[in-house]
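Work through the exercises below with the model open. Try each task before reading its solution.

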Amino acid sequence: MDWPTAPAPGTAPDQPSESLIADEAMALGEVLPAGQFPEEDETFHEKPENQWLEMWNALIANRAAMVSLFFIGFLVLVAVFGSYLTPYNPIETNMANTLKFPSAQHWFGTDQLGMDIFSRVIAGTRVSLTVGLLAVSIALTVGVILGAIAGYAGGWVDTVIMRVMDMMLAVPSILLAITLMAALGKGIDKAVIAIGLVSIPEYARIVRGSFLSIKENDYVAAARVVGNSPLRIIFRHVLPNSLSVIIVRGTLGISSAVLDTAALGFLGMGVQPPQAEWGDMLGRARGLIFQAPYALLFPGMAITATVLAFNLLGDGLRDAFDPKARVK
Amino acid sequence: MTDDMLLEVRDLTTDFEMKRGTVHAVIDMSFSVAKGEVLAIVGESGSGKSVTSLSVMGLLQPPGRVVRGEILYKGKDLLALSKHEMRDIRGNHISMIFQEPMTSLNPVLTIEDQLTESIRTHMKLDKHAAAARAIDMLHLVGIPSPEKRIKDYPHQMSGGMRQRVMTAIALSCDPDLLIADEPTTALDVTIQAQILALINELRDKIGMAVLLITHDLGVVAETADRVVVMYCGQVVEQATAAQVFERPMHPYTLGLLESIPTMEDTEVDEPLYMIPGMVPNPLNMPRGCAFAARCARRMDRCVSEMPPLYAAEDRKLRCFLFDPEAGEEARS
């Protein structure tokens, strides 16, 4: 029941409509003492924790997600202040000093052109994170809009949008990205566009699915009843309810975008040499795996750690958003 | 007479085009609601009551479609309005409350957001004035300390409270007509009584008309002025509430009323009355009267012909028993 068993007498004398209702209820034979309207106790009305605060608490309790979050924070700092942290110029070759084993001078060793691998890994952080974030932003924006329209409108609009998405999904995304790069030309900005475009269907699908279930809710019908326009219903009533799904998908999406960037770099389609990029570093050193394994190990570790961090954070966010998965 | 009519529905027919055939959810439905009147539409699940209300609001989702008829609101045909004009009618002139208070409020918006939304849209008030009106509305529907509760999210409220908030939202722009689609079905009895009392009280205060959709005859008895009984998308009896409860005439209405358990004059061993048989498949409706197969007073012509809506005494009845041309012997 929604109120405590003993409402204080006279709690509502100044509210005539309530006593009237109580009287009417009495007249209808309900067991309400005269003049007492069931008042909800103040203890039931403590300001409960904010939804986002609750989520944040759940996230803090997840150790893997927190470690990942700190690591991502660290990566962001490295990306921003990278140029002050590099002991050597990451694009300066030194032919007298090629393929040196890691040492006090060159922490991660040097590559076949004598460039400092540590400096290059640091410089590559900025590229990977920027491409990852920008590509996801493009995919998210377009995908959410398309998915929202498809899910909310339904009918032939839905069919047309989703069949196009299916066509894009039928081709492996990296192959599609390579094809796009071939059409757009080399360069990091083109890589952002290519990776962004190929990941649109994932977001469109997930947003459409979430819209399909949310729009059936009575509160969406209620929003229509009070005379809201479709755009307002989509953005104010439906979208905020699917935000958790979008945030989780977006976080996981950054990791796959980082991976795609590395793959394009590995194939020599990302950054232009001599600029440093993790995938490009792997690609150039792949013939040296037995001679100089450190030339592959460190950029490879950077990719793995970054992808893992975003994946773990995404998983943590998913658990934090799901009240049922929260451990008391 | 017609001048007093707020809403007049004439020959409304709503179809659902399904892959397996067309379902006539509402067939030639006609009724009217006068200013300040409570009209109840009664019927069992699937009888077309909710489709009727959605048709009036213009909120039918495909494959549902109004194929015929007129819905006149203050003499204006709502079916002829553009989407934009219809949005102005909704919330501002005709409002609606739903069955499920637990899901009818958006979980991510505060009560204030949801209340002020329609106020700002329709009444063109600024933020402060809208908030003040929202608090007044919460006060009106009997929510204690509305200044505090207005900042709440729906999950902080009980079912009864939420239905009050829903009512407040529906009434916030002073609609002339409130459509209440089973407003009390999901609530327990004490709260039910409060909400019904509230609707009655507000009707007296504001003078709005109410179109009450329900399957609960108890609710009808407490609130309605007039009653439309629906069966399989058709009106089978239309009369004042007093007439229906004192002397139900259509065999279906009779059956409905007899199916209600009563405290008095029931032998302990006697099982509760039940209308025999089942509602016919909507895709395969019988040629004659939809109720014929279940009717205790079925005649031969009931199976082959659809009875029209006869005006008998001062009510309307869809049954050959009341055919003025039929002999007296048919009735006995």
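The exercises follow, each with a worked solution.

This is a predicted model: local features need pLDDT of at least 70, side-chain atom pairs count only at pLDDT 80 or more, and totals for chains, interfaces and linings use all residues. Residues are numbered from 1 along each chain as its sequence is written, while chains are lettered from A and ligands numbered from 1 in the order in which they are written.

**Exercise 1. Describe the make-up of chain A.**

Step 1. Count the elements. Helices (H or I, at least four residues) and strands (E, at least two) are DSSP runs, numbered from the N terminus. Chain A has 12 helices and 0 strands. Its pattern along the sequence is α-α-α-α-α-α-α-α-α-α-α-α.

Step 2. Look at burial. A residue is buried if 20 or more other C-beta atoms lie within 10 Å of its own, exposed if 12 or fewer, and partly exposed in between; C-beta atoms are placed from the backbone. Of the 328 residues in chain A, 42% are buried.

Step 3. Check the contact range. Two residues are in contact if their C-beta atoms, placed from the backbone, lie within 7 Å. Take the chain A contacts between residues at least 6 apart in sequence: 68% of them join residues at least 24 apart.

Step 4. Test one helix. Helix 6 of chain A covers residues 173-184. The expected span of a helix is 1.5 Å times one less than its number of residues. With 12 residues, helix 6 of chain A reaches 16 Å between its first and last C-alpha, close to the expected 16 Å. Just after this helix, Gly185(A) takes a positive phi of about 100°.

**Exercise 2. Decide how compact chain B is.**

Step 1. Count its elements: chain B has 12 helices and 12 strands.

Step 2. Apply the globule rule. The radius of gyration is taken over C-alpha atoms, and the rule is 2.2 Å times the number of residues to the power 0.38. For 332 residues the rule gives 20 Å; chain B has 21 Å, which is close, so chain B is as compact as a globular protein of that length.

Step 3. Add the extents. The C-alpha trace of chain B spans about 70 × 50 × 45 Å along its principal axes.

Step 4. Add burial and contacts. Buried residues account for 46% of chain B. Among its contacts between residues at least 6 apart in sequence, 62% join residues at least 24 apart.

**Exercise 3. Place strand 7 of chain B in its surroundings.**

Step 1. Check cover. Strand 7 of chain B (residues 177-181) has 5 of its 5 residues buried. One side carries Leu177(B), Ile179(B) and Asp181(B); the other carries Leu178(B) and Ala180(B).

Step 2. Find its partners. Two strands pair if DSSP finds at least two bridges between them. Strand 6 (residues 94-97) of chain B pairs with strand 7 of chain B in the parallel sense over 4 bridges. Ile97(B) has Ala180(B) as its bridge partner there. Strand 8 (residues 209-214) of chain B also pairs with strand 7 of chain B in the parallel sense, over 5 bridges. Here Asp181(B) is matched with Ile213(B).

Step 3. Follow the connection. Strand 7, helix 7 (residues 189-206) and strand 8 of chain B form a right-handed β-α-β unit. Right-handed means that, with the strands pointing away from the viewer, the path from the first strand over the helix to the second runs clockwise.

Step 4. Turn to the core. A nonpolar core is a set of buried Ala, Val, Leu, Ile, Met, Phe, Trp, Tyr and Cys residues joined through C-beta atoms within 7 Å. In the largest one, of 172 residues, Leu177(B) and Val227(B) touch the most other members. Helix 4 (residues 117-153) of chain A gives this core its largest share, 16 residues.

**Exercise 4. Which non-glycine residue of strand 1 of chain B has a positive phi, and what surrounds that strand?**

Step 1. Asp11(B) has a positive phi of about 50°. Asp11(B) lies in strand 1 (residues 5-18) of chain B. Asp11(B) is exposed, with 11 other C-beta atoms within 10 Å.

Step 2. Map the sheet. An open sheet of 4 strands in chain B has the order 2-1-4-5, with antiparallel pairing. Its edge strands are strand 2 (21-34) and strand 5 (76-77).

Step 3. Count bridges. Strand 1 and strand 4 (residues 64-73) of chain B are joined by 8 bridges. Phe16(B) is bridged to Gly64(B) in strand 4 of chain B.
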